[in-house]
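Got your viewer open and a selection box ready? Load the model below and follow along, one selection at a time.

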Amino acid sequence: MNPSLFLAAFCLGIASAALTRDHSLDAQWIKWKAKHKKLYGMNEEGWRRAVWEKNMKMIEQHNQEYSQGKHSFTMAMNAFGDMTNGEFRQVMNGGGLDSEASYPYEGKVKTCRYNPKYSVANDTGFVDIPSREKDLAKAVATVGPISVAVDASHFSFQFYKKGIYFEPRCDPEGLDHAMLAVGYGYEGADSDNNKYWLVKNRTGKNWGMDGYIKMAKDRRNNCGIATAASYPTV
């Protein structure tokens, strides 16, 4: 595409987003930006606001359905509210989005500065746990925290707040995010629909239950919680 045409289309998109802005959300937008210390360039705020509004409305719809008994967990706006799901997944798995200016490619071969005298542990291998939830439960109970991989590609995961996370669209083989299973239990009566895995995420306390999520347990390996579990030997 001609660069000038691309720029015109980009600016038109920003202008369109500004024109369709829901002004009833202005106060919430200002409060959210202040809480999470968000600062945008002049050309960025318009489309970040548009993404945030879209996410906010989907969260509200989900929570309304939760109140009608259609879901087992709630969602809430968080520090990732101005990101698309693709951006969130990149930040979650890659540690962030760096610009070329802040993290340039140097193209130089350098010597590794690792010094074994400062090593605090030696990883001698790892143990793969059979892909069954009963085996994962045994490992969590006898070994301790277990590394797991899950399908975290859904909007519902990005804005999870509390409750037992059950996502029927999850693919138990479509694993794209590593976390740490630290325990398990159940809410209310001990039934299949009330059991959960307590899992620690890497996003910090600004997500979920102070960085944790209750993922559905014994519901056909939902989201692949037991598909690729393992722990290191030291």
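Here is a stop-by-stop tour of this predicted model.

**Whole chain**

Start with everything shown as cartoon. The 234 residues of the chain form six helices and eight strands, and reading along the sequence gives you α-α-α-β-α-β-α-β-α-β-β-β-β-β. Colour by burial and 38% of the residues come up as buried. Switch on a surface and you are looking at about 14500 Å² of accessible area, with 55% of that belonging to carbon and sulfur atoms. For contacts with a sequence separation of 6 or more, 69% are between residues 24 or more positions apart.

**The largest nonpolar core**

Next, select L136, V148, F157, I213, M215 and I225. These have the most contacts inside the largest nonpolar core, which has 34 residues. Helix α5, residues 133-142, supplies the largest share of this core, with four residues. Why does the core lie between the two domains? Domain 1 (25-121) and domain 2 (125-233) both give residues to the core, so it lies between them.

Zoom in on F157 and show what surrounds it. Beyond its neighbours within four places in sequence, F157 is in contact with F88, M92, A152, Y165, H177, M179, N201, W207 and I213. Apart from this core lies another, of six residues; L25, W29, W32 and M56 are among them.

**R49**

While you have L25 and W29 on screen, add R49, which sits in helix α3 (residues 45-67). Buried or exposed? R49 is buried, with 3% relative accessible area. Ignoring residues within four places in sequence, the contacts of R49 are R21, D22, H23, L25, D26 and W29.

**Helix α5**

Now go back to α5 and show its side chains. The buried residues here are E133, D135, L136, A137, A139 and V140. Add β3 (146-150), β5, β6 (195-200) and β7 to the view, since what covers those buried residues includes these strands. After the helix comes G144, which has a positive phi near 125°.

Stay on E133 for a moment. This helix residue counts as buried because its relative accessibility is 9%, under the 20% cut-off. The side chain of E133 makes a polar contact with the side chain of W197 at 2.8 Å. Expand the selection past four places in sequence and E133 also touches A216, K217, D218, R219, R220, N221, I225 and A226. For a distance label, try E133 to N221: the two are 88 residues apart along the chain, yet their C-alpha atoms are separated by 6.8 Å.

**Y184**

From there, move to strand β5 (residues 177-186) and pick Y184. At 42% relative accessibility, Y184 counts as partly exposed. Leaving out neighbours within four places in sequence, its contacts are A137, V140, A141, Y196, W197, L198 and K217. Put a label between Y184 and K217 as well: they are 33 residues apart in sequence and 8.0 Å apart in space, C-alpha to C-alpha.

**The disulfide**

How many disulfides does the count come to? One. Select C170 and C223 and show the link between them, with an S to S distance of 2.0 Å. The torsion about the S-S bond is 70°, which makes the link right-handed. C170 lies in the loop between β4 (160-165) and β5, while C223 lies in the loop between β7 (212-216) and β8 (230-233), so the pair ties together parts that are 53 residues apart in sequence. Both ends are tucked away: C170 is buried at 11% relative accessibility, and C223 is buried at 1%.

**Two loop residues with positive phi**

Most residues other than glycine have a negative phi. With that in mind, finish with two residues that go the other way. D210 is not a glycine, but has a positive phi of about 55°. Look for D210 in the loop between β6 and β7, where it is exposed with 54% relative accessible area.

The last selection is R220, in the loop between β7 and β8. R220 is not a glycine either, and has a positive phi of about 60°. At 84% relative accessibility, R220 counts as exposed. You have already met R220 on this tour, as one of the residues that E133 touches.

Notes:
Residues are numbered from 1 along each chain as its sequence is written. This is a predicted model: local features need pLDDT of at least 70, side-chain atom pairs count only at pLDDT 80 or more; totals for chains, interfaces and linings use all residues. Side-chain values use heavy atoms; hydrogens and water are left out. A nonpolar core is a set of buried Ala, Val, Leu, Ile, Met, Phe, Trp, Tyr and Cys residues joined through side-chain atoms within 4.5 Å. Buried means under 20% relative accessible area, exposed over 50%, partly exposed in between (1.4 Å probe, protein chains only). Domain bounds come from an automatic or database domain assignment. Contact means heavy atoms within 4.5 Å. A disulfide is a pair of cysteine sulfur atoms within 2.5 Å. Accessible areas come from the Shrake-Rupley method with a 1.4 Å probe; for residues, only the protein chains shown count as cover. A polar contact is a pair of N or O atoms within 3.5 Å; within protein, one must be able to donate a hydrogen and the other to accept it, and residues adjacent in sequence count only if both atoms are side-chain atoms.
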